[in-house]
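Got your viewer open? Here's a short tour, going from the whole chain down to one helix pair.

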Amino acid sequence: MTEANPRISKAVIPAAGLGTRFLPATKATPKEMLPVVDKPAIQYVVEEAAAAGLDDVLMITGRNKRPLEDHFDRNHELESALEKKGDGSKLAKVQESSDLATIHYVRQGDPKGLGHAVLCAAPHVGNEPFAVLLGDDLIDPRDPLLQRMVEVQEQHGGSVIALMEVAPEQIHLYGCAAVESTEAGDVVKVTGMVEKPDPADAPSNYAIIGRYVLAPQIFDVLRKTEPGRGGEIQLTDALQQLAADEKIGGPVHGVVFKGRRYDTGDRGDYLRAIVRLACEREDLGPDFRTWLRSFVAEEM
């Protein structure tokens, strides 16, 4: 780590989406607060940032997102009631979310896309590299993807994106990267990117998933980036400019992730994520797996 590549301490979590795929549940409840087993999805993301040493977290929110702030704040009445009952276990769970990190909030006034949401973080981040974590991708804590990405950024500078190999017929669901191999087996150099390409036009089957470590020069690029796919300012378009011209903000590398990822972006994957996580829990797994085997056998 050099003075040119200072230690990363800040994480940005865009959380301004409307969650329309989960209506009517998200009519009054932010999608980030939907429970995955017994914790809201957003808490898993903050825990991941904190585990990687990023204890300064900025959430980009929108209207009707006040429950996010309440969840990570202290609830003195609830804590007092649990303390009086002598329920130390539940008290610890309640206090855990407010002790994870120092969390700040800023509103994205207009829903202009992920690139615009990241740009809203510029005053808070300043001239430092920073991480961006999307809440739809939950990364298993046993597979420290973000920590590895921070290491790569500190080694090479520039920006780092998380990549995952997918079936060619699925690449149209993701941003896609053109890559060159490096000496490190899990690291590639990114030479280009395209947002949700037709499979016939995709440069690879490396999909961009929801973790980024970005050079601060991304803000200057985003300010000049015109709306792209869907009429939104796409982060992928800005990263493409950084990959095409390293003089702007250094190179773009990718960390190829082969660990456990839980996609909560649509209803089916959300349910599968809950089942997988519940099965792996020491307190829930044994009984739940027994029931699940019985249920599947009966249905088959």
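What percentage of the 300 residues of the protein count as buried? It's 47%, with buried meaning under 20% relative accessible area (1.4 Å probe, protein chains only). Before you click on, note that this is a predicted model, where local features need pLDDT of at least 70, side-chain atom pairs count only at pLDDT 80 or more, and totals for chains, interfaces and linings use all residues. Residues are numbered from 1 along each chain as its sequence is written, and side-chain values use heavy atoms, leaving out hydrogens and water.

Start with everything selected, as C-alpha atoms. They fill a box of roughly 60 × 50 × 35 Å along the principal axes. The radius of gyration is 20 Å, which agrees with the value near 19 Å for a compact globule of 300 residues (taken over C-alpha atoms; the rule is 2.2 Å times the number of residues to the power 0.38).

Switch to cartoon: you should find 12 helices and 13 strands, as DSSP runs numbered from the N terminus (helices H or I, at least four residues; strands E, at least two).

Now select 267–280 and 285–299, helices α11 and α12. They pack at about 125°, axes 7 Å apart, so they count as oblique (neither under 35, over 145 nor 65 to 115 degrees). Axes are lines fitted to C-alpha atoms over the stretch in contact, with angles from 0 to 180 degrees between N-to-C directions.

Show sticks next: Val-275, Ala-278 and Cys-279 of α11 touch Gly-285, Phe-288, Arg-289 and Leu-292 of α12, contact being heavy atoms within 4.5 Å.

Key: Buried means under 20% relative accessible area, exposed over 50%, partly exposed in between (1.4 Å probe, protein chains only).
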